[in-house]
Amino acid sequence: MNLAEGVQIVSFGILSVMMLGAAIGVVLLDSIVYSAFLLGGVFISIAGLYLLLNADFIAAAQVLIYVGAVNVLILFAIMLVNKRQEFQPVPRAWIRKAATAAVCGGIFALLSTMVLSTPWAISSATPAGDASVVVIGLHFFSDFLLPFELASILLLMALIGAVVLARREFLPDDDFEKAQAEALKLPERPRELVPSGRNETVK
Amino acid sequence: MNPGIDLQGSFIESLKSFGLPPGVAKVLWMPFPMLIMLVGATLGVFTLVWLERKISAAAQQRIGPEFIGPLGILAPLADGLKLVFKEDVVPAKADGLLFTLGPAIVVIPAFLSYLIVPFGQNMIITDVGMGIFLWIALSSVVPIGLLMSGYASNNKYSLLGGLRAAAQSISYELPLALSVLAIVLMSNSLSTVDIVNQQTGYGILGWNIWRQPVGFLIFWIAALAECERIPFDLPEAEEELVAGYQTEYSGMKFALFYIGSYVNLTLSALLFAVLYLGGWEFFVPIGTIAGFLNISDTTPWLQVVAAVLGIGMTLLKAYFLIFIAILMRWTVPRVRIDQLLDLGWKFLLPVSLVNLLITAGLKLAFPVAFGG
């Protein structure tokens, strides 16, 4: 075993331990803020594993999207919500917990059978390395065109949904009850239509 | 394109001649560029702090630091020493672990991004294939550190500052990445060395600033916002939030934020120089001058001169941009948070998208000028 292989094995071990430890922390810790920060640790460790697999573009994308965007937004949401609510014990909460346990156990069993039944033949092809961006691009526009386009449509839908939600004006709680009566309609304050331009100047 | 000086190659060769195996020689080489870059980045911060004091003083018709060393050059050193010896206070109700971790998460990506800053053909720590993308990815980690320190301080000003910082950097990352993408489209590569090489050959006329007149403005605005410089220093707006997320910090932990912000500014200026101002290129191509003087491209002393000139040009361009940033600090007033977000989402984002579209169109129409 030469130096490079040794470094790879050691960093693989460190990254795996980091990832598993952080993931367990996300689930088990009481403080939701700590969970959110540890989630960032999980994403970073996964990016490190991608780096070990010679997939540096995927690793950077993982950091950019999951750590830089998703995790920051999660933290943002946690810190902006300032709702102090008494914790009310829910009757028959064990049903919910049992259902969660069943679903988690099922997913775990499915994934383990998949892991055990896959042959995991190590590909002998040389890794693309620095040219991986080009290879990924070619795949996006040939055999993975449909999933790529579907993902972009999904993102577009999320974008439009966010704009619709953000344009909604804030309703006080008592009005909210009334507005809820009309099914399938977002609670919104009636307002005059503005002919064009920026609507916040006309109020 | 001549290869220039290959310090790594010659270092490893000389170690091998002592009878060391190539692997060990490579391992021995590895810490050198990193160490040089760390020291260089720290020295850059010292220079920047001194420049900021002197230029600010000049802008306000003061003299500025005068007695600490010649022209007050040692003023930043005195600052640093003061911060080192200051008591490190952790507020009683603060979250000690996150409070300590926050500044580290802010500083590490900034220093790590120096990996991809080229000062010459081979004067770069690693010429990774995804170069500039690595910088964008790393700089997106910073808001987590800011949120962490804002939350851990257990102080409403800190929390508000942290939230503002996160909102600001999320909003301005998009125009920044899109304007960089237009450059990448023209040079067909994410690597910073390739981006500079694509601008070489025509001296000052070949620089990307002429081909991306909108892109460089968007990049500069977004970079200033990412560095939290005035007019975008809302996260630490002292009239509203005391000092934002740094309110509770003192001693070395504060110094980490301080260093981090200046390292970030230097880095942005360096990358602006690489992306738009031709990196290490002189105003007139060195090859042309050498040809005019009848000197071969491979003359050793010419290569040394070219390397020194390259480092000098990169730094000169970067410090020119820093000078502009410091002047802007005393010229423009701070924007409000709603103006900031409006500018980012409703103006810069659409404009940078259109810029990208036009660049793609021009690349198809004029492949000669726009790197087809």
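**Fold of chain A and its contact with chain B**

In chain A, 42% of the contacts between residues at least 6 apart in sequence join residues that are at least 24 apart. This comes from a predicted model, so a quick look at the confidence scores is in order before going on. The complex as a whole gets an ipTM of 0.80 from the predictor, along with a pTM of 0.81. For chain B, the mean pLDDT is 83, and 98% of the residues in chain B make it to 70 or more. As a general caution, predicted coordinates should not be read in detail where pLDDT is low.

Back to chain A, then. Its secondary structure amounts to 7 helices and 0 strands, and reading from the N terminus the order is simply α-α-α-α-α-α-α. As for burial, 12% of the 203 residues of chain A count as buried.

Next comes the place where the chains meet. Chain A puts 22 residues into the contact, and chain B puts in 21. On the chain B side, the elements that supply two or more residues each are α2 (22-29), α6 (131-139), α7 (142-152) and α8 (156-187). Of these, α7(B) gives the largest share, with 5 residues. The chemistry of that side is easy to sum up: 18 of the residues with which chain B touches chain A are nonpolar and 3 are polar, while no charged residue is found among them.

Terms used:
Residues are numbered from 1 along each chain as its sequence is written. Chains are lettered from A and ligands numbered from 1 in the order in which they are written. This is a predicted model: local features need pLDDT of at least 70, side-chain atom pairs count only at pLDDT 80 or more; totals for chains, interfaces and linings use all residues. pLDDT is the predictor's confidence in each residue, from 0 to 100. Two residues are in contact if their C-beta atoms, placed from the backbone, lie within 7 Å. Helices (H or I, at least four residues) and strands (E, at least two) are DSSP runs, numbered from the N terminus. Ala, Val, Leu, Ile, Met, Phe, Trp, Tyr, Cys and Pro count as nonpolar, Asp, Glu, Lys and Arg as charged, and the others, Gly among them, as polar. A residue is buried if 20 or more other C-beta atoms lie within 10 Å of its own, exposed if 12 or fewer, and partly exposed in between; C-beta atoms are placed from the backbone.
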